[in-house]
Amino acid sequence: MVLQAQMIFFFLTLLSFINYRLGTLPPTHPSRQATGFFGYHGSVFLENMVPQRRGPGGSFFGMFSIFFSSATGILPGTNISGDRKDPATAIPKGTLLAIMWTTLSYLGIYATIGSCMIRDASGNRTDMGVWNGSCLRPERQYGWDFSSCREEGSCLHGLSNHYQAMSMVSAFRPPTSAGVFSATLSSALFCFVSAPKVFQGLCQDKLYPVIGFFGKGYVKNHEPLRGYLFTFLIAVGFILTADLNTTAPIISNFFLCSYALVNFGCFCASLSQLPGWHPSFHWYSPWLSLLGSLLCLLIMFLLTWWAALIAVLLILLLLLYTFHRKPGD
């Protein structure tokens, strides 16, 4: 059922991509130009190529944390890939292809919308044909001047001011909104299904106290209903903050922590030469795993140092508790 829902979400997302690209092609009307959309122009693209970060969170790593969390849906896909005919081949190939296509898709959107829309626009058609001689921005050559709202900081449109810029550029707004919801629900659904099952396995090992409550399975497939409820409450807690710029770095930190542990686990398994550890991926290297683990740890502290510090301390406490329990005995 989850896979069928994912196919529906995929086609809705694909439809929104096509709808967006079609919207960038036709000639622009003055009503759209007032919002900063001028169609494909080299001068617009060159101006948007120069960084112009704004606000307290306007840093490279602040932007990175938002972008990174949008690509984390790739990991849950690997969690449900164990039922493939050849998981050893399918998982690395599928993961690398997913990373490639996701990156190309996002870069394509950035390049196209960055070639069509300027950063600041007033949305007022009265700014057309009014040029005070000091405006040297791209809109000048098309008969517009948004200097007044740009200097006052009152621009309501443009890439830097309007969160629904893609909807404004698209040929038809509803498919774009449907694509945003589909992409969000697709990642959320995969995480909602896979995370409780992984957590259930940890609880059933009885390594840690208290959490054994969530190890109980229900119905025929031993579904972790308690884990689903716990995951739902965590998700609702983050949603209630209603601030993506605050929650994105924290969520990215959790994912980076997971990636760092997975990479470090691969390195330790290779270093200890475990009998059951035989990576079949041709380009696998334990030192590359160690490098990936260290890079993830570094980025964690660069994104949100206090959240990274709490995560590292929590992991160390869990590790010390595990050594104290000696589950191998």
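Ser186 sits in helix H9, which spans residues 173–204; helices here are DSSP runs of H or I with at least four residues, and strands are runs of E with at least two, numbered from the N terminus. The model is predicted, so local features need pLDDT of at least 70 and side-chain atom pairs count only at pLDDT 80 or more, while totals for chains, interfaces and linings use all residues. Residues are numbered from 1 along each chain as its sequence is written, and side-chain values use heavy atoms, with hydrogens and water left out.

Ser186 has a relative accessible area of 17% and is therefore buried (buried means under 20%, exposed over 50%, partly exposed in between, with a 1.4 Å probe and protein chains only). Not counting residues up to four places away in sequence, Ser186 touches Gln6 and Phe9; contact means heavy atoms within 4.5 Å.

Gln33 belongs to helix H2, residues 30–33. Gln33 also counts as buried, because its relative accessibility is 13%. With neighbours within four places in sequence left aside, Gln33 is in contact with Thr28, Phe38, Trp144 and Phe146.

Thr89 lies in helix H6, residues 87–116. Thr89 counts as partly exposed at 38% relative accessibility. Its C-alpha atom is separated by 9.9 Å from that of His282, although the two residues are 193 residues apart along the chain.

**Annotated spans**

The unreviewed UniProt entry carries the annotation "transmembrane region" for residues 58–76, 96–118, 178–199, 225–242, 254–275 and 287–320. UniProt positions are given in the numbering used here, feature names are shortened, and annotations may be inferred rather than shown by experiment. Two of these spans are described below.

| Span | Distance between end C-alpha atoms | Helix | Strand |
|---|---|---|---|
| residues 96–118 | 33 Å | 91% | 0% |
| residues 225–242 | 27 Å | 83% | 0% |

**Packing of H11 and H13**

Two packed helices are described by the angle between their axes and the distance between the axes. Helix H11 (residues 244–271) packs against helix H13 (residues 305–325) at an angle of about 40°, with the axes 10 Å apart. Axes are lines fitted to C-alpha atoms, for helices over the stretch in contact, and angles run from 0 to 180 degrees between N-to-C directions. H11 and H13 are therefore oblique to each other (under 35 degrees is roughly parallel, over 145 roughly antiparallel, 65 to 115 roughly perpendicular, and the rest oblique).

On the H11 side, Ile250, Asn253, Cys257 and Leu261 meet Trp306, Ala307, Ala308, Ala311 and Ile315 of H13. The residues of this contact of H11 with H13 divide into eight nonpolar, one polar and no charged; Ala, Val, Leu, Ile, Met, Phe, Trp, Tyr, Cys and Pro count as nonpolar, Asp, Glu, Lys and Arg as charged, and the others, Gly among them, as polar.
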